[in-house]
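Work through the exercises below with the structure at hand, and check each step of the solutions against the atoms.

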Amino acid sequence: MDSILATAIMAAELAGTKIKHYFHNFDSVQIESKGRNDFVSKVDKEAEQIIIDTILKNFPNHQINAEESGIKANNSDYKWIIDPLDGTTNFLHQFPHFAVSIALSYKEELRYGVIYNPISQELFYAQKGKGAYLNHQAIQVSQHETLENALVCTGFPYYEFDYLEDYMNGLNLFMQQTAGVRRPGSAALDLAYVACGRVEGYWEFNLKPWDIAAGALIVTEAGGLATDFAKGEGFLESGNILAANPKFHQNMHQALSNVTKPELMA
Ligand code: 2AM
Ligand code: CA
């Protein structure tokens, strides 16, 4: 296996093992007394350090952009984009749906993506031009085209509510016209689920690069499209993402455009 991919997978699995340990040794009394946020930030930080140590041991000159520790700018065109624990609210509530997400870009182009759910032990990964995999088996997006009978997922807005009404319009529409809408709580896993065809499509806005970088590459390598709301490539910058199989992407984009202010779709 390619040495970058092997390093990314090793980092995700080591961090996942640490997160799983805390998940199964969840001292709710201590957490309540010390505060939930302290506990989650301890888990986040420890997992992130494991990932960064694993990467820099193998690639000491690479840049790092990680949720907890920020940017470590090195003199390299390779940049790792890391979310040590995507789905922290789920983790804190003992809801076993969260993941480690690690991506690598070269000159700002996504080249590798790894997402690992340590509880289900599902490992999703992709390398640019080499396809997408779940536990080492090739995966593909679904072929389903129409809203009817489709399953879609999303994330609720949580801090920026300017577009809440537009968001609710989209939700309203998909609720009525699809087989169902899910809000699982981890953007990384939402994208991984699009990639392996469990859901037809996913949309969310105002995310951070580390929430979506790995998942976006895994979707595209699985034959799907991951774009911003204007069908462009600026999703890492805007944080707005729409991911689906190509035909469903078009239908989903059309449906959202009909009920959303043009400025949000731009
Ligand atoms: P996080 O768990 O790493 O914070 C779900 O909508 C997505 O939004 C998740 O990927 C989650 O990543 C991110 N997010 C960030 N802050 C959040 C918050 N306060 N509440 C819910 N999700 C949040
Ligand atoms: Ca996240």
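**Exercise 1.** Determine how exposed glutamate 109 is, and find its salt-bridge partner.

*Solution.* Glutamate 109 has a relative accessibility of 34% and therefore counts as partly exposed, a class lying between buried (under 20% relative accessible area) and exposed (over 50%), computed with a 1.4 Å probe on protein chains only. Its side chain meets that of arginine 111 in a salt bridge of 2.6 Å, N to O, where the term requires a side-chain nitrogen of Lys or Arg within 4 Å of a carboxyl oxygen of Asp or Glu. Arginine 111, at 28%, is likewise partly exposed.

The model is predicted, so local features need pLDDT of at least 70 and side-chain atom pairs pLDDT 80 or more, whereas totals for chains, interfaces and linings use all residues. Residues are numbered from 1 along each chain as written, chains are lettered from A and ligands numbered from 1 in written order, and side-chain values use heavy atoms, without hydrogens and water.

**Exercise 2.** Identify the protein donors of the calcium ion (ligand 2) and the parts of the chain that they join.

*Solution.* Asp83, Asp86 and Asp211 each contribute OD, at 2.1 to 2.2 Å from the ion; donors are N, O and S atoms within 2.8 Å of the metal (3.2 Å for Na, K and Ca), and sites may look incomplete because water is not among the atoms. Aspartate 83 lies in strand S3 and aspartate 211 in helix H7, so the pair ties together parts 128 residues apart in sequence, helices (H or I, at least four residues) and strands (E, at least two) being DSSP runs numbered from the N terminus. Both aspartate 83 and aspartate 211 are buried.
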